[in-house]
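Colleague: I have some questions about charges, strands and cores in this model. Shall we go through them in turn?

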Amino acid sequence: MKSTLLTIFTLLCAYTSFAQIQGTVTDSKDQPLAFVNVYIENTYKGTTTNDDGIYELNINTPNTYTVVFQFLGYKTVKEKIQIESFPYTLNTQLIDEEISLKEVVIKAEDNPANAIIRQAIAKRKDNLEKIQSYKADFYSRGLIRIKDAPEKILGQEVGDLGGGLDSTRSGVIYLSETISKLEFLRPNKLKEKIVASKVSGDDNGFSFNNAIDVEFDLYNNTIELGNQIISPIANNAFGYYRYKLEGVFYDDRGNLINKIKATPRRDNDPVFEGYIYIVEDQWTIYAIELDITGVQAKIPAVDKITITQNYAFSEPKAIWTKMSQIIDFKYGLFGFKGDGRFTAMYSNYDINPGLTRKNFSRELVSFAVEANKKDSLFWDTIRPVPLTTEEITDYVKKDSIQIVRDSKTYKDSVDRENNGFKLGDILGGYTYSNTYKNWRAGVTSPLEAISFNTVQGWNGKLSGFYSKGYDEYYNRFLNIDGTINYGFSDDRLRGTVSATYKFNNTSRPILSISGGIEATQFNGSDPISRFENTISSLFFEDNYMKLYDRSFVQARYSEELFNGFRLYSTLSYERRKVLFNTTEQVFFPEGDDVYTSNNPLSETAYGIASFDTHNILKINLLARINFNQEYLSYPDSKFNIPNGDYPTLILGYEKGLGATIDDYNFDQIKARVYQSFNISNKGRFSYNLRAGKFFNADNISFVDFQHFNGNQTHVSQRGNYTDVFNNLGYYDLSTNDSYLEMHAEHDFNGFILGRLPLLNKLNFNLVLGAHALATPDHKPYQEYSIGLDNIGWGKWRFLRVDYIRSYQSGFVSDAVVFGLKFF
């Protein structure tokens with residue numbers, strides 16, 4: 001304890017020693033003020049105060065400076081100082097700003113706030129385009145706290161979250177900082193080079209704080225924050241906001257600043273609520289203090305987000321630029337609740353330096369060599385926003401804990417505690433870990449995988465696994481899995497085993513070898529789950545799952561060969577054999593209703609094989625192309641960010657050869673295009689197109705037909721419906737010829753229902769869908785759907801309901817589908 005206190009005291013002293021200009025900012029009652037903008041006049045060199053009101057401004061050259069202290073609600077203070085030696089202490093007290101309406105002439109027939117906002121909207125595009133490009137220094141800090149954390153969730157121990165929890169199960173669970181160099185080109189090119197990264201409790205960690213995730217520019221019509229959020233000065237803002245002029249004041253340059261309250265016109269619209277400060281005559285943003293709820297942002301775990309931005313004016317460039325941004329949030333879900341803050345500081349701007357698209361690649365974020373190895377001396381001299389006492393304590397505490405927790409003695413002691421068998425393991429499975437050597441092994445519970453089908457009857461599955469990581473984060477690993485499955489009705493034991501090795505986390509080459517015997521669905525996409533089939537069979541006598549017996553040995557390999565291009569390859573040798581129903585068990589017999597046969601070609605083909613037993617060698621090659629794919633480069637990883645402006649294309653070739661029945665050999669070429677993107681604030685549109693053509697396949701096994709995902713249960717657990725026909729039988733339109741499959745869906749995300757009185761209180765989303773399928777052997781098939789999504793209460797929005805009508809040369813049938821979504 002004494003050594004920890006000494007370390008904290010030493011660090012506190014260090015910040016004083018290394019600061020160039022440093023001090024404390026207080027109000028008239030001597031209370032510290034957090035988030036005060038502090039900068040050198042007419043420059044972009046600045047910082048902000050921390051929660052304790054402390055700041056430090058890194059100035060290296062003795063000279064005469066004018067230091068500006070700017071904070072919303074307080075009069076701006078300028079201090080002219082002559083520095084002859086460092087460090088230089090400058091404490092400042094701010095007094096309340098006099099915000100009033102005395103100088104505003106208000107006419108009864110007009111709202112003055114509306115006139116100001118109209119001017120800001122008219123100048124929005126001009127103000128946006130004043131900065132075509134820039135270079136800047138960027139600092140970010142992320143802090144997440146948790147309060148009263150539960151000891152268990154879903155029966156699993158939560159632990160102390162890396163040493164972040166105190167005796168009340170509260171504390172800091174994430175603290176991280178980055179120092180970066182930014183380059184920006186309008187409209188949306190942003191490149192970040194992280195020169196220093198620090199994560200509390202992980203001396204090898206790389207922060208996930210980055211400028212891209214906090215690039216919120218209200219001069220755009222919308223900003224992406226979970227949902228597409230409409231700016232208070234968007235072209236269509238008056239359709240979403242009401243405005244009130246709260247008062248005016250003058251800044252230190254004599255500019256009249258209008259403080260305007262923006263209020264949503266309707267509950268749950270994707271809009272902010274709070275204050276926007278507009279500079280008179282220039283109609284630029286001076287600052288913002290805006291709130292948005294998790295409901296409005298479509299982020300269920302979040303209660304509220306507050307964004308605060310401050311801008312500064314530079315005389316030489318005559319441009320207002322964003323100097324600081326704070327994102328505060330509160331969250332709560334599954335018993336977890338807490339708050340957090342992400343601080344961003346922009347400094348040393350170089351405005352419009354002449355950057356072009358040639359200065360940018362698809363790499364958005366990169367790290368300097370040993371960016372995560374900077375010592376305390378480096379951080380103490382360069383950190384623009386001083387740490388608070390809470391943050392200093394967290395760094396010291398977790399750094400000390402890390403030394404202990406990385407030791408073999410500690411890890412072995414934790415493993416001894418966790419590896420003990422518990423009663424709950426009977427239901428949840430058992431895992432044995434050797435944390436020090438970075439491996440674990442375990443078995444699943446045989447109770448959690450019990451299901452029923454008419455081929456095997458009641459059947460259970462028991463799986464075991466071994467997993468070995470070759471680095472701390474499992475970027476390179478080996479997994480070995482094995483499963484045995486026993487069917488009580490067909491009295492058959494089956495089993496599979498597989499080994500998977502991942503070589504790295506950059507191009508992510510993955511090799512998998514597997515083999516065994518399994519009862520598997522004709523459609524390899526498994527269109528109906530075991531649970532759904534169990535319920536539909538035993539309760540409604542509808543055995544939709546159709547199975548065949550597959551003995552196989554298989555090798556798979558995939559890798560991203562270059563950015564945006566990933567190759568998937570599969571080579572397998574299989575023995576296929578038909579299976580038949582072996583049980584008629586049902587909980588609630590329905591009169592003359594009986595189970596259908598296991599032959600997907602005919603419901604009444606009992607005892608008739610849908611194909612002949614055979615062996616076949618199969619080759620499957622797929623290439624996935626993400627056009628204009630951008631990515632984040634970490635020292636040991638690459639994280640791809642698909643570009644929603646472009647579709648993803650998949651090209652494939654499949655070949656069956658060497659079959660023991662010659663007619664079962666075949667070739668197939670196939671292609672798929674899919675995309676999902678926001679249409680401003682009007683919702684999200686998604687589409688998925690598939691096409692393919694078989695060759696030499698007139699009499700191939702039904703196993704190798706192209707099958708299409710149907711749904712006959714009226715229940716779905718899919719996230720979206722652009723890969724399924726919700727009113728089509730599972731094998732009704734399967735083909736061994738050419739095919740064209742089309743799906744489109746638009747989720748209005750509150751754009752329609754949010755405008756309707758009373759209905760907007762429910763926060764439901766209207767969803768429209770259209771689906772079509774064409775094959776030579778059948779008349780074209782179409783489905784049209786209208787549905788409500790986001791049904792539930794509070795944060796628990798788990799239900800979607802759709803009404804569907806299907807057509808095939810006329811009306812076929814209709815259906816209602818209930819979609820279930822769980823976090």
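Modeller: First, a cut-off. A salt bridge here is a side-chain nitrogen of Lys or Arg within 4 Å of a carboxyl oxygen of Asp or Glu. Bear in mind that this is a predicted model.

Colleague: How many salt bridges does the count come to by this rule?

Modeller: Side chains of opposite charge can pair when their charged atoms come close. With the 4 Å limit on N to O, the count comes to 37 salt bridges.

Colleague: Take the salt bridge of Arg 383 and Glu 177. How many residues apart are they?

Modeller: Their side chains meet at 2.6 Å, N to O. Arg 383 sits in the loop between helix 5 (376–382) and helix 6 (389–405), and Glu 177 belongs to strand 12 (residues 171–185). The pair thus links distant parts of the chain, 206 residues apart.

Colleague: Is Arg 383 buried or exposed? And Glu 177?

Modeller: Buried means under 20% relative accessible area. Arg 383 has 1% relative accessibility, so Arg 383 counts as buried. Glu 177 has a relative accessible area of 0%, so Glu 177 is also buried.

Colleague: Which residue forms a salt bridge with Asp 269?

Modeller: Both residues of this pair are buried. The closest N and O atoms are 2.9 Å apart. The partner is Arg 266.

Colleague: Arg 576 forms a salt bridge with Glu 574. Which residues are joined with them into one network?

Modeller: The closest N and O atoms of Arg 576 and Glu 574 are 2.7 Å apart. Both residues are buried. Salt bridges that share partners join this pair into one network with Glu 518, Arg 550, Lys 618, Glu 654, Lys 670 and Asp 704.

Colleague: Which side chain does Asp 549 meet in a polar contact of 2.9 Å?

Modeller: Asp 549 lies in strand 31 (residues 547–562). Its relative accessible area is 2%, so Asp 549 is buried. Beyond four places in sequence, its contacts include Glu 518, Arg 575, Arg 576 and Lys 577. The side chain in the 2.9 Å polar contact is that of Arg 494.

Colleague: Lys 468 is buried yet has no salt bridge. How far away is the nearest side chain of opposite charge?

Modeller: A salt bridge needs N and O within 4 Å. For Lys 468, the nearest side chain of opposite charge is Asp 471. The distance is 10 Å.

Colleague: Which backbone oxygen lies 2.3 Å from a polar atom of the Lys 468 side chain?

Modeller: Lys 468 touches several residues beyond four places in sequence, among them Lys 437, Asn 438, Trp 439 and Tyr 474. The backbone oxygen at 2.3 Å is that of Lys 437.

Colleague: What is the bridge partner of Trp 439 in strand 27?

Modeller: Strand 25 (residues 439–443) pairs with strand 27 in the antiparallel sense over 5 bridges. Strand 27 spans residues 457–469. The partner of Trp 439 there is Lys 468.

Colleague: Which residue in the turn between strand 24 and strand 25 has a positive phi?

Modeller: 5 bridges join strand 24 (residues 430–434) to strand 25, and the two run antiparallel. Within this pairing, Ser 433 stands opposite Arg 440. The strands form a hairpin with 4 residues between them. The residue with a positive phi, about 60 degrees, is Asn 438.

Colleague: How many residues of strand 34 are buried?

Modeller: Glu 630, Leu 632 and Tyr 634 point one way from the strand. Tyr 631 and Ser 633 point the other way, and all are buried. For strand 34 (residues 630–634), the number is 5 of 5.

Colleague: Which strand runs parallel to strand 34, joined by 2 bridges?

Modeller: On one pairing, strand 34 meets strand 35 (residues 637–641) in the antiparallel sense over 5 bridges. Those two form a hairpin with 2 residues between them, and Tyr 631 has Asn 640 as bridge partner. In the parallel pairing, Leu 632 is the partner of Val 365. The parallel strand is strand 23 (residues 363–367).

Colleague: How many residues are in the largest nonpolar core, and how many in the second?

Modeller: In soluble globular proteins, nonpolar side chains tend to be buried together. In the largest core, Tyr 134, Tyr 241, Ile 260, Ile 285 and Tyr 286 touch the most other members. A second, separate core includes Ala 519, Phe 702, Tyr 731 and Leu 733. The largest has 81 residues, and the second has 30.

Definitions and conventions:
Residues numbered from 1 in each chain as written. Predicted model: local features only at pLDDT ≥ 70, side-chain atom pairs only at ≥ 80, totals over all residues. Heavy atoms only, no water. Buried < 20%, exposed > 50% of the residue type's maximum accessible area, 1.4 Å probe, protein only. Lys, Arg positive; Asp, Glu negative; His and termini not counted. Polar contact = N/O pair within 3.5 Å; in protein donor to acceptor, adjacent residues only side chain to side chain. Contact = heavy atoms within 4.5 Å. Core = buried A, V, L, I, M, F, W, Y, C linked by side-chain atoms within 4.5 Å. Pairing = 2+ DSSP bridges.
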